[in-house]
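Q: I would like to learn how to read helices, burial and charge pairs in a model. Please take one feature at a time.
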Amino acid sequence: MARGPTLFLERAFIGGPVCGVDEAGRGPWAGPVSAAAVILDPKRVPKGLDDSKKLSAKTREALEVEIKAKAAAWCVAFASVEEIAALNILHAAGLAMRRAVEGLSVTPAYALVDGNYRFDLPCEVKTVVGGDGKSKSIAAASILAKVARDRLMVEMDQRYPGYGFASHKGYHAEVHVEALRTLGPCEIHRLAWAPVKLALIGGLPSQDEFAFED
């Protein structure tokens with residue numbers, strides 16, 4: 001039995017290109033949510049594709065370059081903190097996904113989407129729970145989305161110093177909790193998130209509270 005993602009799901013669809021779609025950044029307290037869509041060239045699939053969370057930052061960055069060079073088409077898109085506030089995080093992630101699919105230079109007939117929620121995309125959608133560990137296209141999308149968002153959060157660390165965004169990328173971390181206690185939220189914090197709400201009203205978010213990932 002094959003280990004890791006394969007092209008089995010992609011090959012099950014007949015009638016047009018298949019893209020993998022995934023997002024990054026649903027769980028953080030700060031920053032946008034990103035999404036990527038990737039149509040792989042089955043003759044030029046990068047080796048080592050896997051769920052981005054299982055890969056080191058160095059491996060993800062190397063694969064990002066290779067995916068962009070070898071894929072038939074790829075696109076990365078974002079939904080802003082303001083859009084997250086207006087739509088909620090689920091629908092903002094869906095908006096980022098739609099932007100990514102619409103931005104592909106090749107129009108897909110089908111989208112393999114990580115998770116169990118059927119987002120409104122401009123093509124037929126198949127949801128795949130744990131898809132970044134099953135589909136190479138989704139794995140490739142997870143890598144592009146993760147690297148793009150991480151890179152943006154490093155830039156945000158320069159714009160909003162003191163929060164440690166370059167290290168934790170907006171997720172729960174001791175330095176992030178302490179910064180919320182001392183500095184309060186900044187412009188890219190998600191004000192609806194419980195620990196950010198507490199900081200906004202002068203509360204002290206507990207170090208062991210609200211620790212969740214994507």
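Q: Which residue follows H7, and what is the sign of its phi?
A: Gly184 comes after H7, and its phi is positive, near 75°. Helices here are DSSP runs of H or I with at least four residues, numbered from the N terminus. This is a predicted model, in which local features need pLDDT of at least 70 and side-chain atom pairs count only at pLDDT 80 or more, while totals for chains, interfaces and linings use all residues. Residues are numbered from 1 along each chain as its sequence is written, and side-chain values use heavy atoms, with hydrogens and water left out.

Q: Which residues of helix H7 are buried?
A: Buried means under 20% relative accessible area, exposed means over 50%, and partly exposed lies in between (1.4 Å probe, protein chains only). In H7, residues 174-183, the buried ones are His176, Val177, Ala179 and Leu180. Seen down the axis of H7, these buried residues fall within an arc of 160°, so they line one face of the helix. That arc is taken from the directions from the helix axis to the C-beta atoms.

Q: What lies on the other side of H7, and what covers its buried residues?
A: Glu174 and Thr182 are exposed on the other side of H7. The cover over the buried residues of H7 includes helix H6 (165-168) and H8.

Q: How many salt bridges does a search of the whole structure find?
A: Side chains of opposite charge can pair when their charged atoms come close. The working criterion is a side-chain nitrogen of Lys or Arg within 4 Å of a carboxyl oxygen of Asp or Glu. By that criterion, the search of the whole structure finds 11 salt bridges.

Q: Where do the partners Arg181 and Glu178 lie?
A: An α-helix has 3.6 residues a turn, so residues three or four places apart point the same way. Arg181 and Glu178 are both in helix H7, three residues apart, about one turn of the helix. Their salt bridge has its closest N and O atoms 3.2 Å apart. Arg181 is partly exposed at 37% relative accessible area, and Glu178 is partly exposed at 39%.

Q: Which salt bridge joins two residues of helix H4?
A: Glu102 and Arg98 meet through their side chains at 3.0 Å, N to O. Both belong to helix H4 (residues 89-102) and sit four residues apart, about one turn of the helix. Glu102 is partly exposed, with a relative accessible area of 48%, and Arg98 is partly exposed, with 27%.

Q: Is Asp51, a salt-bridge partner of Lys53, buried or exposed?
A: Asp51 counts as buried, at 9% relative accessibility, whereas Lys53 is exposed at 55%. The closest N and O atoms of this salt bridge are 3.4 Å apart. Salt bridges that share partners join Asp51, Lys53 and Asp132 into one network.

Q: What does Asp150 touch?
A: Contact means heavy atoms within 4.5 Å. Leaving out residues up to four places away in sequence, Asp150 touches Arg60 and Lys169. Asp150 lies in helix H5 (residues 136-159) and counts as buried, at 12% relative accessibility.

Q: Which residues make the nonpolar surface patch?
A: Leu191, Leu200 and Ile201 make a nonpolar surface patch of about 330 Å². Patches are made of residues with over 30% relative accessible area and no salt bridge, like charges being joined within 9 Å and nonpolar side chains (Val, Leu, Ile, Met, Phe, Trp, Tyr) within 5 Å. Leu200 is found in helix H8, residues 194-200, and is exposed, with a relative accessible area of 52%.

Methods:
Areas by Shrake-Rupley, 256 points an atom, 1.4 Å probe, with all protein chains shown as cover.
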